[in-house]
Amino acid sequence: DFSKDKATSVDRSSWDLGFYGGSDFRVVLNNGASAGAKVTTATSLAAVTEADAVGLTLAVSQATPATTDFAYFDNLNGSIAGTVIPSISSVAADNKVIILNRGTGGGIAARPWIKLKITRNASGGYTLQYAELKETTNFKTVEIAKDASFNFKAVSLTSGTVVNAEPAKADWDIVWGYSVYQTTFSGALVPYNFSDLVFLNVLSGVQSAEVLTSDFTYAAFTEANLTSAKVVFSSERDAIGTKWRNTLAVAATPTAPAEAAGVRTNRFYLIKDATGNIYKLKFVSMGAGSDGGTRGKPVVEYKLIKKS
């Protein structure tokens, strides 16, 4: 959160499902754990067993990723309309049972797969019922109230409680970490697990622009430069994404010079927060190559250049 000079740490294994606080009834998976899910045709938890998961992976294959695997994961653009779990219907019987692989992303130990069903409750929130696939009775239930001050309120299937997986929606701008993302493999776009990803809080209206140092230097960039045609703000969740770093050295091409592993020093970013403040943001180190940092603990520098 640039306006408060505050970073908040969240353990990626501390939550499993995020329940949307906006007008729609949507539930997101934990992309940071590489969780994957499939919607069944069943409407009763008791009707779904381990046999229904035979042949499913619901996971990213780092060795042989496939385009068809995108179906297991929420849309990577962060759109609330692109969730694997359909919008939760006001008609309870219309909501299907979901099979969930909670994920092993970032070194999380494998956990039993879950079957779950989500309905709307009488208080205007959500009711979650869930169990391990092998269980036929004694299903757990969690009630989740909608909270409009958060993009999502999360639930841990380990504790069966509501937990905070992110700050209130007005209290953060970017998130750095590990997540399902995408890459090109054998000529096709496929889901892939990435470290060092930076995503914007697009549901709250945060935007970013990439600025090349061949156009402006970070030190000299001021509010007056914001009118340049070379400053173009984006509302894409991955406007920064992986563009800020190289995990391996990049060889020169006829149109681009060679680049060392580590932070890409030929660019910086602008962040426009939800209230209109604009900051310039430079990545200093990330711990790859010889950039002097520690992997998993990136260092950034930022400065307010326009106050809303």
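**Salt bridges in the predicted model**

Glu132 and Lys134 are joined by a salt bridge, in which the closest N and O atoms lie 3.8 Å apart. This pair, like every other described here, was identified in a predicted model. The distance of 3.8 Å satisfies the criterion, because a salt bridge requires a side-chain nitrogen of Lys or Arg within 4 Å of a carboxyl oxygen of Asp or Glu. With regard to accessibility, Glu132 is partly exposed, its relative accessible area being 26%, whereas Lys134 has a value of 57% and is exposed.

A salt bridge also connects the side chains of Asp24 and Arg26, with an N to O distance of 3.2 Å. Asp24 has a relative accessible area of 25% and is classed as partly exposed. Arg26, by contrast, is buried, at 12% relative accessibility; the assignment follows because buried residues are those under 20%.

The side chains of Asp1 and Lys4 form a further salt bridge, for which the N to O distance is 3.7 Å. In this pair the acidic residue, Asp1, is buried, with a relative accessible area of 15%. Its partner Lys4 reaches 49% relative accessibility and is therefore partly exposed, since the exposed class begins only over 50%. The contact between Asp1 and Lys4 does not stand alone: Asp1, Lys4 and Asp171 are linked in a network of salt bridges.

Under the distance criterion, the count for the model comes to 11 salt bridges. Among them are the pairs Glu132 and Lys134, Asp24 and Arg26, and Asp1 and Lys4.

Technical notes: Residues are numbered from 1 along each chain as its sequence is written. This is a predicted model: local features need pLDDT of at least 70, side-chain atom pairs count only at pLDDT 80 or more; totals for chains, interfaces and linings use all residues. Side-chain values use heavy atoms; hydrogens and water are left out. Buried means under 20% relative accessible area, exposed over 50%, partly exposed in between (1.4 Å probe, protein chains only).
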